[in-house]
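Dear colleague,

Here is the structure I promised to pass on to you. Please open it alongside this message, since what follows goes through it element by element.

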Amino acid sequence: MSSVLYDAPGPKARARSRVISVVGLVVVLVLLAWLVWALGAPKASANGAVQPGMWDITRWDVFSDRQVWLALGKGVLATLQMAGVAAVLALTLGVVFSFGRSADHKAIRIPTTIILEFVRGLPVLLMMLFILLVFATGAYWAGVAALGLYNGAIIGEALRAGIQSLPRGQREAGLAIGLTPLSTRFRIEFPQAFRQMLPIIIAQLVVLLKDTSLAFIVGYGELLREGVRNLPNFFGERYQFSFFLVVLAIYLAMNMSLSWFARFIARRSGPKAGKLVVDPLAPEPIPDTSLSVGAGTGADAGGGDSR
Amino acid sequence: MDAVIENLPLFLEGFRNTLGLLLFSGIGALVVGIIVASLRISPIASFRSFATVYTELVRNTPLTLVLFFCAFILPYLQFSPGYFQLALIGLTVYTSPFVAEALRSGINGVPVGQAEAARSVGLTFGQSLSYVIMPQAVRMVIPPLINVFIALTKNTSVAGAFFVFELFGVGRRVANDRGDEVIAILLAVAFFYLIITITLGQIAARVEKKVAVLR
């Protein structure tokens with residue numbers, strides 16, 4: 001897109017943009033170097049005691065301890081476990097919600113719509129607290145239930161949008177060959193909608209994985225609590241920054257590999273969905289995925305970038 | 001119910017703080033997002049890759065971790081302007097890549113033919129951008145942008161866990177004091193959140209209908 005907006009650069013403009021590019025790179029690198037240096041400089045605190053810089057060996061030697069890595073591994077496992085169980089719950093609820101939302105009977109459709117609106121308008125954190133306090137489930141199940149419910153609502157909306165975007169002929173054909181409305185939905189419409197919405201669903205699961213960190217606040221011992229709360233409490237506050245960086249790196253590695261996978265799926269199933277693709281230019285039908293990694297990836301794979 | 005009525009001033013204060021967080025970090029995210037989006041489509045390669053790296057890194061970091069950095073690590077590094085301001089920084093940083101992505105997909109969503117037509121009738125870069133591309137892009141951007149702000153509204157609740165006295169923090173505190181009326185208290189908090197999110201959602205739906213570009 002942006003390339004159409006200006007003439008193809010000639011040799012002079014190309015040289016100039018190369019110079020600006022290099023200058024920009026240098027500025028960024030200098031800023032980064034300054035940041036690293038500033039963090040590494042020893043600091044004098046208010047009472048005159050000099051603290052070693054952030055890269056000092058006394059702040060990092062703790063990582064030679066095997067127990068630290070075991071604790072971090074335990075945190076990662078706890079995070080993945082919560083994400084896994086919540087993902088299964090979210091997918092199940094998503095299917096249920098999408099069926100309820102597109103049901104023929106008003107008695108099913110309207111209550112489902114109200115529940116969905118309600119759930120999607122609330123912070124996940126508030127739901128966690130609610131479930132924790134009202135049902136006294138313990139932090140783990142509060143987290144799983146809230147994440148499952150919230151993401152289930154969003155996945156349900158995505159699936160519904162997928163079912164709606166199918167050509168009408170699909171349903172008519174199913175009914176014409178004598179399938180009941182329910183089995184038409186199950187065997188004809190749903191499989192197509194699911195495949196088409198797979199990128200959005202996986203992207204929503206990335207969001208779910210990210211959001212497990214909210215369970216930190218209601219007291220579940222996952223990676224964040226283990227890494228930035230328990231370990232520094234045990235080994236001393238001077239390791240706080242080091243632990244933070246390590247936890248950040250672990251989160252980035254987990255989330256990036258999953259969102260890379262989402263993008264891979266999007267690219268693979270994008271063109272295959274062929275005519276069934278929802279118009280990628282149509283405004284997002286699913287309000288909440290806009291804060292997800294997915295909205296971008298899904299829409300881009302659909303056509304945004306390729307135009 | 002009387003736990004809610006007794007503590008109504010607290011709830012209103014929390015509501016005000018939530019709105020404040022939403023407003024200021026929304027403006028901040030918009031400003032940073034516009035900068036990142038324009039870096040992202042700029043003709044200069046190193047700007048583009050810088051913006052891409054920034055987007056990828058921030059988008060894959062959990063909000064809790066970002067706010068933890070702001071509330072604990074920044075003061076530890078001797079930068080502490082107060083928890084409200086720290087939460088504003090965190091929410092701004094966290095939201096900015098999503099704003100940038102919404103803007104970018106809006107610009108990318110304008111068909112290339114529009115730009116080509118503008119160029120071929122002799123409009124300059126600035127003219128084609130301001131008369132042809134932007135009027136269309138802005139329309140397509142507003143609904144997803146409102147959705148980003150709805151999500152931001154919900155995300156402000158995380159700040160409540162990091163010493164900012166907003167709705168979630170109010171709910172937690174009042175629920176601690178009045179263990180017998182937890183349900184009413186949390187439903188009251190939910191009600192205040194729904195006021196913001198459903199209103200924004202309605203606006204988005206209306207704008208979407210009004211500015212829809214016929215293609």
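**Helix α4 of chain B**

In this predicted model, 10 of the 14 residues of α4(B) are buried, so this helix is largely enclosed by the rest of the structure. The buried positions in α4(B) are B:L63, B:T64, B:L65, B:V66, B:L67, B:F68, B:F69, B:C70, B:A71 and B:F72. From its first C-alpha to its last, α4(B), with its 14 residues, reaches 19 Å, which is close to the 20 Å expected at 1.5 Å a residue. The helix nevertheless has a kink of about 35 degrees, centred on B:F69, and B:F69 is itself one of the buried residues of α4(B). After α4(B) comes B:Q78, whose phi is positive, near 60 degrees.

**Chain B as a whole**

Chain B has 9 helices and 0 strands, so that you will read α-α-α-α-α-α-α-α-α from the N terminus on. Its C-alpha atoms fill a box of roughly 70 × 45 × 25 Å, taken along the principal axes. Of the 215 residues in chain B, 47% are buried, and among the contacts between residues at least 6 apart in sequence, 73% join residues at least 24 apart.

At the start of the chain, B:M1 lies in the segment before α1 (2-6) of chain B. B:M1 is exposed, because it has 10 other C-beta atoms within 10 Å, and 12 or fewer count as exposed. The C-alpha atoms of B:M1 and B:V132, which are 131 residues apart along the chain, are separated by 55 Å.

**The pairing of α2 and α8 in chain B**

The axes of helix α2 (residues 8-40) of chain B and α8(B) come within 7 Å and cross at roughly 155 degrees. Angles over 145 degrees count as roughly antiparallel, and α2(B) and α8(B) are therefore roughly antiparallel to each other. On the α2(B) side the contact is made by B:L10, B:F11, B:G14, B:F15 and B:T18, which meet B:L167, B:G169, B:V170 and B:V174 in α8(B). Taken by class, this contact has 6 nonpolar, 3 polar and no charged residues.

**Where chain B touches chain A**

Between the two chains, 61 residues of chain B are in contact with 51 residues of chain A. On the chain B side, the elements that give two or more residues are α3 (45-59), α4 (63-76), α5 (83-109), α6 (112-120), α7 (125-159), α8 (167-177) and α9 (182-211). Of these, α7(B) gives the most, with 13 residues. By class, the side of chain B that touches chain A has 39 nonpolar, 14 polar and 8 charged residues. Two elements described above, α4 and α8 of chain B, are thus met again here, since each is listed among those that give two or more residues to this side.

**Chain A**

For chain A there is less to report in this message. Chain A has 11 helices and 2 strands, and along the sequence these follow the pattern α-α-β-β-α-α-α-α-α-α-α-α-α. Of its 307 residues, 42% count as buried, and among contacts in chain A between residues at least 6 apart in sequence, 71% join residues at least 24 apart.

With best regards

Key
Residues are numbered from 1 along each chain as its sequence is written. Chains are lettered from A and ligands numbered from 1 in the order in which they are written. This is a predicted model: local features need pLDDT of at least 70, side-chain atom pairs count only at pLDDT 80 or more; totals for chains, interfaces and linings use all residues. Two residues are in contact if their C-beta atoms, placed from the backbone, lie within 7 Å. Helices (H or I, at least four residues) and strands (E, at least two) are DSSP runs, numbered from the N terminus. Ala, Val, Leu, Ile, Met, Phe, Trp, Tyr, Cys and Pro count as nonpolar, Asp, Glu, Lys and Arg as charged, and the others, Gly among them, as polar. A residue is buried if 20 or more other C-beta atoms lie within 10 Å of its own, exposed if 12 or fewer, and partly exposed in between; C-beta atoms are placed from the backbone. Axes are lines fitted to C-alpha atoms, for helices over the stretch in contact, and angles run from 0 to 180 degrees between N-to-C directions. Angles under 35 degrees count as roughly parallel, over 145 as roughly antiparallel, 65 to 115 as roughly perpendicular and the rest as oblique. The expected span of a helix is 1.5 Å times one less than its number of residues. The bend at a residue is the angle between axes fitted to the seven residues ending there and the seven starting there.
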